[in-house]
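Visitor: I'd love a close look at one part of this structure, and then a walk outward from there. Could you take me through it at an unhurried pace?

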Amino acid sequence: YQVIFFRDQEMTPEQHRDFGKRFGDLHIHEYVKGLDAVPEVMPVIKTEADTFNFGGTWHSDVTYHTTPPLGSILYALEAPEVGGDTMFANQYLAYETLSDGMKELLEGRKAVHSAEPIYGKTGAFSSRYKQGASMATKPVEVVLESQHPIFRTHPETGRKSLYVNGNFVVNLAGLSAIESAPILQRLYQHATTPEFCCRFRWRKGSVAFWDNGCVQHYAVNDYTGQRRVMHRVTVMGDQPY
């Protein structure tokens with residue numbers, strides 16, 4: 001299913017961490033602070049005063065890693081009365097519905113994934129939270145970057161998926177950013193075709209667990225003036241092939 005949902009759960013941060021550890025090693029975010037007592041648990045907060053939300057663009061989590069996440073587990077502590085849904089897009093379908101010509105053009109090619117556009121010193125996240133608002137950043141010491149196949153083969157299912165996202169991909173390997181842009185914009189548009197998507201409405205105690213290898217997600221920012229507090233645990237995966 002690529003993403004599964006649970007309602008009416010109660011987890012301490014320690015239980016959340018231990019649940020995630022059942023699936024693999026956990027990621028401690030390089031650029032966003034986790035909880036002091038449980039650094040593997042990253043709070044995702046938007047207050048009544050905030051206008052910018054974390055994850056408010058289509059993406060897969062931290063794909064700038066050489067071994068990006070297997071999955072993420074998001075748990076709702078506080079949910080707005082209206083809005084604040086998360087959308088998910090099936091990247092198996094995104095790959096399968098590309099034209100044969102586009103598949104042939106891009107088969108075997110890689111894309112460059114970088115933390116710079118979001119978490120660099122002038123990146124979208126760092127610049128908006130530099131005053132230390134609702135989410136705390138870490139100093140940017142090293143900007144991580146990796147190359148991954150544009151079409152990824154899932155290590156368990158053997159299915160191919162489209163594996164580029166607008167947050168972290170900066171160019172196609174061997175091409176400049178300007179040369180890459182038309183192809184990448186077409187892929188981003190195709191990846192989030194409405195027919196590939198589902199939308200989850202959060203309540204307190206809801207949990208979503210998704211496969212970062214074959215879905216993208218998008219936190220809808222439509223709840224200005226309301227508070228939303230989540231905890232995220234991210235399970236590390238293998239090098240995409």
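Guide: Gladly; let's begin at M11, in what is a predicted model. M11 sits in the loop that runs between β1 (3–6) and α1 (13–21). Leaving aside residues up to four places away in sequence, M11 touches H16, Y75 and V207. A76 makes a nice reference point here: M11 and A76 are 65 residues apart in sequence, yet their C-alpha atoms are 9.9 Å apart in space.

From that loop, let's move on to a helix. Helix α6 covers residues 177–191, which is 15 residues. From first C-alpha to last, α6 reaches 19 Å, close to the 21 Å expected at 1.5 Å a residue. Along the way, α6 bends by about 30 degrees, and the bend is at I183.

Now for the side of the story that faces inward. The buried residues in α6 are S180, L184, L187, Y188, H190 and A191. As background, an α-helix has 3.6 residues a turn, so residues three or four places apart point the same way. With that in mind, have a look at S180, L184, L187 and Y188, which are among the buried residues of α6. What do these buried residues pack against? Their partners include the strands β4 (86–90), β8 (160–162), β9 (169–172) and β12 (215–219). The helices α2 (91–96) and α3 (100–106) are also packed against by the buried residues of α6.

β12 is a good element to follow further, as it takes us to the cavities. Searching the whole structure turns up four cavities of 30 Å³ or more. The largest has a volume of about 120 Å³, and 13 residues line it. Nearest its centre lie F54, G55, L74, H217 and A219. β12 gives the most to this lining, with three residues, while β12 and β13 (228–236) each supply at least two. By class, the lining of the largest cavity has six nonpolar, four polar and three charged residues.

β13 then leads us to the second largest cavity, where β13 provides the largest share of the lining, three residues. This second largest cavity holds about 50 Å³ of space. Its lining is made up of H27, H29, P39, E40, M42, R232, V233 and T234. Sorted by class, the residues of that lining are three nonpolar, three polar and two charged.

Technical notes
Residues numbered from 1 in each chain as written. Predicted model: local features only at pLDDT ≥ 70, side-chain atom pairs only at ≥ 80, totals over all residues. Heavy atoms only, no water. Helix = DSSP H or I, 4+ residues; strand = E, 2+ residues; numbered from the N terminus. Contact = heavy atoms within 4.5 Å. Expected span 1.5 Å × (residues − 1). Bend = angle between axes of the 7 residues up to and from the residue. Buried < 20%, exposed > 50% of the residue type's maximum accessible area, 1.4 Å probe, protein only. 1 Å grid on protein atoms, 1.4 Å probe; cavity = no way out; pocket = protein on both sides within 12 Å on 5 of 7 lines; lining within 4 Å. Points joined across faces, edges and corners; volume = space filled by probe spheres on them. Nonpolar A, V, L, I, M, F, W, Y, C, P; charged D, E, K, R; others polar.
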